[in-house]
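Biologist: Could you walk me through this model and show me how each label is earned? I would like to hear the reasoning as well as the verdicts.

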Amino acid sequence: MKPATSHSRLTRRRVRWAWVFLAPMLLVLALVAGWPLLKTIAYGFTDASLINPEAAQFVGVDNFSFLLQDPYWWASVWNTVVFAVVSVFLETVLGLIIALALNAQFRGRGGLRAAILIPWAIPTVVSAQMWNWMFNDVFGVINHMLMSVGLMQHPIAWTASPDTALLSIILVDVWKTTPFMALLLLAGLQMLPKECYESARVDGVHPLTVFFRITLPLLKPALMVAIIFRLLDALRVFDLVYVMSGNNRDTMSMSVYARQQLIDFGDLGFGSAASTLIFAIIALFTVVYLTVARVGREQ
Amino acid sequence: MATVAQLRWKRAKRIVSRVAFYGLLLVIAVYTIFPFYWAIVSSLKSGSDLFEVEYWISQPHWDNYVAVFREQPFGRNILNSLFVSVSTVTLSLALALAAAYAIGRVQFRGRMLLMFVILGVSMFPQIAVLSGMFELINTLGLYNNLLALSFSYLIFTLPFTVWVLTTFMRELPKELEEAAIVDGASPLTIVTKVFMPLMGPALVTTGLLAFIAAWNEFLFALTFTLSSEMRTVPVAIALTSGASAHELPWGNIMAASVIVTVPLIILVLFFQRRIVSGLTAGAVKG
């Protein structure tokens, strides 16, 4: 027997086995992701109701044209975009500051790195409730603090007032997710070459110049991936918004809007159309993310 | 030569920047820890003490902790969450280990495409599958059943575990497998006898991260369960209500929050290093 043929036979056998090993995973993925997604898209073109989905009639693009005319849908899109952009921006800035601080040598560094994992570990629903309590208009500690240092004269109904409701939600998200950002950026910082810093230090370059001229450009790929990763996550936000202000129109995100149509109003067709549109928006972002990630890896 | 004044100025500058740096560290620590500290303090106040802002408690009261279990099926909710998370993570790890071996160790066509599909699924917004999933669960007769959650959670635990285990699997040396192949071991033996022991740490990390994700899930748990006995912990905490809409039992909510968070924090602190490496493997290397 020639070694070459035995080798290729072995390879063929391995490939066959590989597909056997992949089959259960692919089957489950098709069942929990593929099928429900196709079903949702299909429902989007019908007038299906939650109570009796079998009686659904095909209605073409009616749901989508209604959706695009609904000011509440556009309000939810706007809320989601504001939420995503503002919270990811704040998380990036704060995350970068924390990552830079943790990258320095000091006593108690391990302890602080452990401490910043706490907000990340706390379930979103729990952090929403914790902050709801802190934001409470009458008994909340935040109003108490701000009033006792004289920054405010009167208590604010943070989560109820239309002016501050979305801001409160953003602040909670920033608190919860900054650690994740900081850890990703810290991992990026620790991979940077040490030589650049040595020579900059010898030349006596100002630390801020070092940051903007050396650190930031080198960190850019890691930063881009982290930002897009977080943006994708923020665009589908549901639990934080729902727990902090329910189906309130002032803060409603796209996911909250779609779920209200689907479950609370029982409008399976219309809600599915909204879900499909959200999927399309996020799919578009995902394509961007994959492209950026691939470009980053090739560099 | 530097004059005395210049030296002094330099030293003063160094001291100021040190103080500023430690000040920054203190601010970071207080910012991250205070909200949870406040939840603990609030949960240990009883009666009207809860409505006084007091940063320190001299006399802890455990009334809220007792009330959580007496006034609602919170013990049952914890068991529900444990059942759902453990079952979905076990199933994901088993499916993902086999898949990761195939993707990570065997060269075949369509491998890259497969990885992109898996990464794509991990980006799925849960809302996009909600109505299809709702119908599927009703068809299977699983509405208001915990199995509906174990099943539907696979949509986010499975792509994540496959992705991370594949990255780990790729890094193992080639020689390991070659020796086993020469000995004529079957692929099944290779996975269970050669790779599984080596993948131990990776399985723990990935499993833990998937467990946290399942434990925290809210949208499916809210939508696919109805009775308070079937609720998982996040739903129970979100839907805790008092005598009226304006009288939420904050003491109970804080106690429940502390109960479910303390074990999680202990786990995370214990597996700190692994979690950080797992998170970065999932995100940055992607």
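Modeller: Here is a conversation about the two chains, their helices and a few single residues.

Biologist: Before we begin, what kind of model is this?

Modeller: It is a predicted model, and local features are described where pLDDT is at least 70.

Biologist: Let's start with chain B. What makes chain B more spread out than a compact globule?

Modeller: For 286 residues the globule rule gives 19 Å, and chain B has a radius of gyration of 25 Å, so chain B is more spread out than a compact globule. Along the principal axes, its C-alpha trace spans about 75 × 70 × 35 Å. Chain B is built from 14 helices and zero strands. Buried residues account for 45% of the chain.

Biologist: And how is chain B divided into domains?

Modeller: Domain 1 of chain B covers 4–63 and domain 2 covers 73–239. The centres of these two domains of chain B, taken over C-alpha atoms, are 39 Å apart.

Biologist: How does the radius of gyration of chain A compare with that of a compact globule?

Modeller: Chain A has 25 Å, while a compact globule of 299 residues would have a value near 19 Å. The box filled by the C-alpha atoms of chain A is roughly 85 × 75 × 30 Å along the principal axes. Chain A has 13 helices and zero strands, and 41% of its residues count as buried. Among its contacts between residues at least 6 apart in sequence, 71% join residues at least 24 apart; for chain B the figure is 78%.

Biologist: Now the packing of two helices. Why is α3(B) called roughly perpendicular to α9(B)?

Modeller: The axes of α3 (residues 74–105) and α9 (residues 187–198) of chain B come within 11 Å and cross at roughly 90°. Angles of 65 to 115 degrees count as roughly perpendicular, so that is the name for this pair. On the α3(B) side, the contact is made by L97(B), A98(B) and Y101(B), and on the α9(B) side by V191(B), F195(B) and M196(B).

Biologist: What is the chemical make-up of that contact?

Modeller: The residues of the contact of α3(B) with α9(B) comprise six nonpolar, no polar and no charged.

Biologist: How many residues does each chain bring to the contact between the chains?

Modeller: Chain B contributes 70 residues and chain A contributes 72 residues. On the chain B side, the largest share is eleven residues from helix α1 (residues 4–43). That side of chain B divides into 55 nonpolar, 14 polar and one charged.

Biologist: Why does L158(B) count as buried?

Modeller: The cut-off for buried is 20 or more other C-beta atoms within 10 Å. L158(B) has 26 C-beta neighbours inside that distance, so L158(B) counts as buried. This residue is found in helix α7 (residues 154–171) of chain B. Leaving aside neighbours within four places in sequence, L158(B) is in contact with M25(A), V28(A) and L29(A) of chain A, and with S92(B), L95(B) and A96(B) of chain B.

Biologist: And what makes G110(B) exposed?

Modeller: A residue is exposed at 12 or fewer such atoms, and G110(B) has 10 other C-beta atoms within 10 Å, so G110(B) is exposed. G110(B) lies in the loop between α3 and α4 (111–122) of chain B.

Biologist: How do you know that N144(B) is partly exposed?

Modeller: Buried needs 20 or more and exposed 12 or fewer, with partly exposed in between. N144(B) has 13 other C-beta atoms within 10 Å, so N144(B) is partly exposed. Its place is in the loop between α5 (127–139) and α6 (146–152) of chain B.

Biologist: What is notable about the phi of N144(B)?

Modeller: N144(B) has a positive phi of about 60° although it is not a glycine. Most residues other than glycine have a negative phi.

Biologist: One last helix: how do you know that α12(A) is mostly covered?

Modeller: Eight of the eleven residues of α12 (residues 254–264) of chain A are buried. Among them are M254(A), Y257(A), R259(A) and L262(A). Just after α12(A), G266(A) takes a positive phi of about 65°.

Methods
Residues are numbered from 1 along each chain as its sequence is written. Chains are lettered from A and ligands numbered from 1 in the order in which they are written. This is a predicted model: local features need pLDDT of at least 70, side-chain atom pairs count only at pLDDT 80 or more; totals for chains, interfaces and linings use all residues. Axes are lines fitted to C-alpha atoms, for helices over the stretch in contact, and angles run from 0 to 180 degrees between N-to-C directions. Helices (H or I, at least four residues) and strands (E, at least two) are DSSP runs, numbered from the N terminus. Angles under 35 degrees count as roughly parallel, over 145 as roughly antiparallel, 65 to 115 as roughly perpendicular and the rest as oblique. Two residues are in contact if their C-beta atoms, placed from the backbone, lie within 7 Å. Ala, Val, Leu, Ile, Met, Phe, Trp, Tyr, Cys and Pro count as nonpolar, Asp, Glu, Lys and Arg as charged, and the others, Gly among them, as polar. Domain bounds come from an automatic or database domain assignment. The radius of gyration is taken over C-alpha atoms; the globule rule is 2.2 Å times the number of residues to the power 0.38.
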